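Me: I have a protein structure open and keep stumbling over the words used to describe it. Please explain where each label comes from as we look.

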Amino acid sequence: MKKITFQPGREFALQLDAEDELASYRDAFVIAEPDVIYLDGNSLGRLPKRTVERMQTVISQEWGQKLILGWREAGWLDAPKRLGDKIGRLLGAVPGQIVAIDSTSVNLFKCTMAALILRPDRTRIVSDVFNFPTDVYVFQGCMRLFGNRHTLHLVPSSDGITIDQQMVFDAIDERIALVSFSHPAFKSCFAYDVEAITRRAHEAGALVLWDLSHAVGAVPVELDLWGVDFAAGCSYKYLNGGPGAPAWLYVRKGLHDKVLSPIWGWFTHRAPFLFDLEYDPAEGISRFLCGTPPMLSMSALEPSLDLLLEAGLPRLRAKSVRQTSYVVYLIDKVLAPLGFWVGSPRDPARRGAHVLVCHSAAYRINCALVEELSAVADFRPPNGIRLGLSPLYTSFEEIWEAVDRLRRVVVEERYVKYPVYSQPAN
Ligand SMILES: Cc1ncc(COP(=O)(O)O)c(C=O)c1O
């Protein structure tokens with residue numbers, strides 16, 4: 001994509017849409033209320049039209065008519081691996097290393113336990129203050145299960161936007177069992193050098209676990225090439241799998257015969273339908289399944305994976321970089337005079353697919369934005385609003401409109417009647 005000099009105004013946004021070779025994918029999604037600006041695809045992706053059709057087929061023809069025969073005849077049994085392989089194509093993983101199953105939290109637990117078991121003599125986990133709470137809680141829970149032998153080091157951030165890679169490197173030594181971050185970070189959208197951190201961890205003999213919830217479907221990752229050991233992530237953000245969609249996990253092929261999941265569910269058995277009472281783990285990634293896959297939710301995920309694969313990650317990333325750069329430009333140009341500032345990295349190489357826009361009254365501004373001007377974005381304490389840009393369906397016009405509505409909220413003082421943000425009591 002050629003370099004571009006941005007300009008403010010709707011006309012220019014429309015020009016960017018006209019040049020956008022992925023623009024037609026917007027029509028592949030249900031857009032029930034065109035006036036509502038939806039910048040929350042980084043929390044819950046939109047519903048693809050194909051998913052509506054697919055769900056009707058699954059319910060009426062597969063479940064409705066095939067009943068239990070659907071497990072074999074409708075491809076339900078293979079779904080976790082089939083979908084996993086498709087997710088792998090978005091993450092640089094050859095088939096047989098990813099399964100779509102369970103929630104991200106459960107998959108993080110499975111991977112963390114497996115990693116700590118693989119490094120029994122090491123007693124430290126390295127992460128950072130940007131990690132998503134569920135990741136950190138999972139580490140703390142696993143540490144307890146190991147008898148509190150481990151300590152958790154969270155690398156700090158000096159600016160709340162970036163993490164100094166040298167501080168990550170300095171934290172990694174021969175005591176470290178596991179190095180784990182969420183890439184990109186869920187608030188500031190800081191994107192790590194996954195390859196360099198993975199290499200450094202391996203030099204010290206540690207394993208890595210990347211939570212790629214905010215990367216998959218939007219930010220290029222080369223799991224195999226970079227030698228990543230474990231990865232996990234959700235499917236309801238850029239993968240558009242729907243609320244609570246099955247998550248996924250990756251375990252590097254070279255580890256398959258060395259590790260077991262900590263949950264020996266019957267789907268992890270070599271032959272679940274033998275109903276043998278002696279545990280014998282499956283070969284390969286199937287040993288990281290658990291119980292019966294949730295087939296309705298699995299079915300809702302697949303059509304969107306096909307759409308993303310059709311669009312192709314290089315094009316999605318190119319559009320995403322253009323869109324986040326456009327937002328950064330508009331914040332500087334239109335919103336900065338009103339007290340807003342950019343809370344995400346300015347270097348696109350270090351930024352994922354959303355942009356955090358900050359303001360001292362961010363909570364109240366976001367309330368007014370949603371309530372009065374029909375624009376949906378996420379408030380993140382203490383002072384940020386995440387503008388999630390999903391390159392498959394977010395238009396440049398929407399971005400311009402969202403920025404203009406933020407401007408109006410402040411200029412028209414619409415936010416002043418909303419309460420000041422206070423932390424929830426519990
Ligand atoms: C980075 C990251 N990890 C994990 C989760 C949530 O995990 P789960 O899917 O188990 O709710 C989120 C939710 O937004 C997230 O952003």
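**Labels and what's behind them**

Me: Why does Cys-189 count as buried?

Reply: Count its neighbours: Cys-189 has 26 C-beta neighbours inside 10 Å. A residue is called buried if 20 or more other C-beta atoms (placed from the backbone) lie within 10 Å of its own, exposed if 12 or fewer, and partly exposed in between. So 26 puts Cys-189 in the buried class. Before we go on, this is a predicted model: local features need pLDDT of at least 70 and side-chain atom pairs count only at pLDDT 80 or more, while totals for chains, interfaces and linings use all residues. Numbering starts from 1 along each chain, as its sequence is written.

Me: What makes Phe-275 exposed and Arg-200 partly exposed?

Reply: Same test. Phe-275 has 8 C-beta neighbours inside 10 Å, so it counts as exposed. Arg-200 has 19 other C-beta atoms within 10 Å, so it ends up partly exposed. Across the whole protein chain, buried residues make up 48% of the 426 residues.

Me: What is unusual about phi in Cys-189?

Reply: Most residues other than glycine have a negative phi, and most peptide bonds are trans. Cys-189 has phi near 70 degrees, a positive value in a residue other than glycine. Phe-275 is not a glycine either, and its phi is positive at about 55 degrees. Cys-189 is in the loop between S5 and H8, and Phe-275 is in the loop between S8 and helix H9 (295–311). Those names come from DSSP runs numbered from the N terminus: helices are H or I with at least four residues, strands are E with at least two.

Me: Where are the cis peptide bonds?

Reply: One runs from His-183 to Pro-184, with omega near -15 degrees. Pro-184 is in the loop between strand S5 (176–182) and helix H8 (194–203). Another cis bond joins Pro-381 and Pro-382, with omega about 5 degrees. Pro-382 lies in the loop between strand S12 (378–380) and strand S13 (384–388).

Me: How do you know that S3 and S4 pair?

Reply: Two strands pair if DSSP finds at least two bridges between them. Five bridges join strand S3 (residues 124–128) to S4, so the cut-off is met. The two strands run parallel. For one bridge, look at Ser-127, whose partner in S4 is Leu-154.

Me: What makes S2 and S4 edge strands?

Reply: Seven strands form an open sheet in the order S2-S8-S7-S6-S5-S3-S4, with mixed pairing. Strand S2 (98–100) and strand S4 (151–155) each pair on one side only, and that makes them the edges.

Me: What does Ile-161 touch?

Reply: Leaving out residues up to four places away in sequence, Ile-161 touches Ser-188, Phe-190, Gly-343, Ser-344 and Pro-345. Contact here means that the C-beta atoms, placed from the backbone, lie within 7 Å. Ile-161 and Gly-343 are 182 residues apart in sequence, yet 6.1 Å apart in space, C-alpha to C-alpha. Ile-161 has 21 other C-beta atoms within 10 Å, so it is buried. You'll find Ile-161 in the loop between S4 and helix H7 (165–171).

Me: Which residues come nearest to the ligand?

Reply: Ser-103, Thr-104, Ser-105, Phe-132 and Ser-213, out of 13 residues around the ligand. A residue is near a molecule if its C-beta atom, placed from the backbone, lies within 6 Å of it. Helix H5 (104–118) and helix H6 (133–145) each supply at least two residues of that shell.

Me: Why is the protein chain called as compact as a globular protein of its length?

Reply: The globule rule is 2.2 Å times the number of residues to the power 0.38, and the radius of gyration is taken over C-alpha atoms. For 426 residues the rule gives 22 Å, and the radius of gyration of the protein chain is 22 Å, so the label fits. The C-alpha trace spans about 70 × 55 × 45 Å along its principal axes.

Terms used. Two residues are in contact if their C-beta atoms, placed from the backbone, lie within 7 Å.
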